Amino acid sequence: MDMDFRTDVHCHILPGVDDGFGSEEKSVMALQLLHERGLEHSMLTPHIYPELYPANNPESIRTRFAEVSGMLENTGVKCLVAGEHMVYQGIDAAFPAGGSFLTLPDNHILIEMSYAYESQNIRDFVFYLNATGLHPVLAHPERYSYYSMDMVEVKSIVDMDTRLQLNILSLGGFYGNTAKVKAGILLEAGLYSYLGTDLHSLSQIEQLKSLKIEKKHVPAIEKLLENNDLLWQAASSGV
Ligand SMILES: [Fe+2]
């Protein structure tokens, strides 16, 4: 990919907290490599899902970030920490009044679902988030295998005031052809708001390097990159 990916809104580079990077050295290496390719800002978004990562909660992740942020930022990439919240039954009760989520800037909150089945409470939960003044951003909808190719179900979630985040590697078919086709459909429909790497490993940087964006998708991707930058700026202006 030869476009300027200056701001990433979704990655698993915070080391040692989830299924992403397992060591500080590899995290530093990843940020160095991405910085060489133009990355300036990274939002680190570890999974927050008690069933799979019982030790992860907003406080523990903030503490971990405080330990390593200096080392990570020595790469030249400025970082902030947020979370990728799995939508599970009872999540609204676990985070009363919505005040304690680990959010992205400007009251955005990154949420995800299982790749195998839809969260039963997804619609109730995005309604709840909006009611508490947060803006839900659904991660990688193109990867949810239970949605039909026309993505009509995703559109209904967007209609409930939900933004969508595209995984850039979906466009290269790295998660399979179905995800690639769905990503194209959502992109051409103008339904995405943000772009993320969802980076979990160094090998995915090789995939990023080899990624070719189809010419017809370039303007839409540039718009998403601009939205990413604006989201970062919202953080630095204290919104
Ligand atoms: Fe992720």
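## Strand S6, an enclosed strand

In this predicted model, strand S6, which covers residues 108–112, has five of its five residues buried, so the strand is largely enclosed by the rest of the structure. The side chains of S6 are divided between two directions, with His108, Leu110 and Glu112 pointing one way and Ile109 and Ile111 pointing the other way, and all of these residues are buried.

Ile109 also belongs to the largest nonpolar core, which has 59 residues, and is listed there with Ile13, Leu104 and Leu166 as the residues that have the most contacts inside that core. When neighbours within four places in sequence are left aside, the residues in contact with Ile109 include His85, Phe101, Thr103 and Leu104, and among the others are Leu129, Leu134, His135, Pro136 and Val137.

## The partners of S6

On one side, S6 pairs with strand S5 (residues 84–86) in the parallel sense, over three bridges, and within this pairing His85 stands opposite Ile111 of S6. S6 also pairs in the parallel sense with strand S7 (residues 135–139), here over four bridges. Two positions help to locate the pairing with S7 in the structure: His108 stands opposite His135, while Ile111 has Leu138 as its bridge partner.

The connection between S6 and S7 involves helix H4, residues 122–131, and together S6, H4 and S7 make a right-handed β-α-β unit.

## The six-stranded sheet

These pairings are part of a wider arrangement, in which six strands form an open sheet in the order S3-S5-S6-S7-S8-S9, with parallel pairing. At the edges of this sheet stand strand S3 (47–48) and strand S9 (194–196), each of which has a single partner strand, so one side of each is left without a neighbour in the sheet.

## The three-stranded sheet

A further open sheet consists of three strands in the order S1-S2-S4, and here too the pairing is described as parallel. Strand S1 (7–8) and strand S4 (78–81) are the edge strands, each with a single partner strand, so that one side of each has no neighbour in the sheet.

Strand S2, residues 41–44, pairs with S4 in the parallel sense over four bridges. Within that pairing, His41 has Lys78 as its bridge partner in S4, and Leu44 stands opposite Val81 of S4. The two faces of S4 differ in their surroundings, since Cys79 and Val81 make up a covered face, whereas Lys78 and Leu80 make up an uncovered one.

## The protein as a whole

Taken together, the protein has eight helices and nine strands, and its C-alpha atoms fill a box of roughly 40 × 40 × 35 Å along the principal axes. With 239 residues, a compact globule would be expected to have a radius of gyration near 18 Å, and the value of 17 Å for this protein agrees with that expectation.

Buried residues account for 38% of the 239 residues in the protein. Among contacts between residues at least 6 apart in sequence, 80% join residues that are at least 24 apart.

Definitions and conventions: Residues are numbered from 1 along each chain as its sequence is written. This is a predicted model: local features need pLDDT of at least 70, side-chain atom pairs count only at pLDDT 80 or more; totals for chains, interfaces and linings use all residues. Two strands pair if DSSP finds at least two bridges between them. A residue is buried if 20 or more other C-beta atoms lie within 10 Å of its own, exposed if 12 or fewer, and partly exposed in between; C-beta atoms are placed from the backbone. A nonpolar core is a set of buried Ala, Val, Leu, Ile, Met, Phe, Trp, Tyr and Cys residues joined through C-beta atoms within 7 Å. Two residues are in contact if their C-beta atoms, placed from the backbone, lie within 7 Å. A crossover is right-handed if, with the strands pointing away from the viewer, the path from the first strand over the helix to the second runs clockwise. The radius of gyration is taken over C-alpha atoms; the globule rule is 2.2 Å times the number of residues to the power 0.38.
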